[in-house]
Amino acid sequence: MTDLPTPVDHECLICFLYRVGSDHPCKQSLRFLKHYRDLVAPRATALERKVQLLGGYCDCEVLMNAVRPASAETARLLDAGKDIVCHGVRRGSIQPCDQWLMRRGVQWGGGQFRRKSA
Ligand SMILES: [Zn+2]
Ligand SMILES: [Zn+2]
């Protein structure tokens, strides 16, 4: 597992998945998400469950289903397959930076998590 890329300082989970996903084909697993969690936020043990509730059953599905671009500019870069520069998050956080919005109905952070019927 040591050949997996590592997150850079303050890189958020979603930017990390986007960045490594462009170099590494999805293996139908959450290996990069777990890798990020283990390195950056080992206490976020519910992370896999959260993203699966959002339809993210593998790394690329997290990008496709759990988040959406927060701005037209981010959407344009995403569509074009261009690099997205992470705006950074607090270390230990599993929240996306402000380039991304979580799909509605799920609350991240603050230790609270609920699913509302959408
Ligand atoms: Zn996938
Ligand atoms: Zn980011």
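**Reading helix α1 and its surroundings**

The buried residues of α1 pack against α2 (31–40), α4 (59–66), β1 (67–69) and β2 (100–102).

Colleague: Before we look at details, what pattern does the chain follow along the sequence?

Modeller: Keep in mind that this is a predicted model. Read from start to end, the chain runs α-α-α-α-β-α-β, which comprises 5 helices and 2 strands. Of its 118 residues, 25% are buried. Among contacts with a separation of 6 or more, 59% join residues 24 or more positions apart.

Colleague: Which residues of helix α1 are buried?

Modeller: Helix α1 covers residues 13–23, and its buried residues are L13, I14, C15, F16, L17 and Y18.

Colleague: I would like to understand helix packing. At what angle do α1 and α2 pack, and how far apart are their axes?

Modeller: Here is the general idea: two packed helices are described by the angle between their axes and the distance between the axes. In this structure, α1 and α2 pack at an angle of about 135°, and their axes are 10 Å apart. That angle makes α1 oblique to α2, because it falls outside the ranges for roughly parallel, perpendicular or antiparallel, the last of which needs over 145 degrees. The crossing of α1 past α2 is right-handed.

Colleague: Which residues of α1 and α2 meet there?

Modeller: From α1 come L13, F16, L17 and V20, and they meet F32, L33 and Y36 of α2. By class, this contact has 7 nonpolar residues, with no polar and no charged ones.

Colleague: Let's move to a loop. Is V89 buried or exposed?

Modeller: A residue counts as buried if 20 or more other C-beta atoms lie within 10 Å of its own. V89 has 21 such atoms within 10 Å, so V89 is buried. You will find V89 in the loop between α5 (72–80) and β2.

Colleague: What is V89 in contact with, leaving aside its neighbours within four places in sequence?

Modeller: Those contacts are H10, C12, Q95 and C97. Take C12: V89 and C12 are 77 residues apart along the chain, yet their C-alpha atoms are separated by 5.7 Å.

Colleague: H10 appears in that list, so let's look at its backbone. What is the phi of H10?

Modeller: The phi of H10 is near 65°, a positive value in a residue other than glycine. H10 lies in the segment before α1 and is partly exposed, with 15 other C-beta atoms within 10 Å.

Colleague: And Q28, is that residue buried or exposed?

Modeller: Q28 counts as exposed because it has 11 C-beta neighbours inside 10 Å. Q28 is in the loop between α1 and α2, and it has a positive phi of about 60° although it is not a glycine.

Key: Residues numbered from 1 in each chain as written. Chains lettered and ligands numbered in written order. Predicted model: local features only at pLDDT ≥ 70, side-chain atom pairs only at ≥ 80, totals over all residues. Buried ≥ 20, exposed ≤ 12 C-beta atoms within 10 Å, placed from the backbone. Helix = DSSP H or I, 4+ residues; strand = E, 2+ residues; numbered from the N terminus. Contact = placed C-beta atoms within 7 Å. Axes fitted to C-alpha atoms, helices over the stretch in contact; angles between N-to-C directions. Parallel < 35°, antiparallel > 145°, perpendicular 65-115°, else oblique. Left-handed = near helix turned anticlockwise from the far one by under 90°. Nonpolar A, V, L, I, M, F, W, Y, C, P; charged D, E, K, R; others polar.
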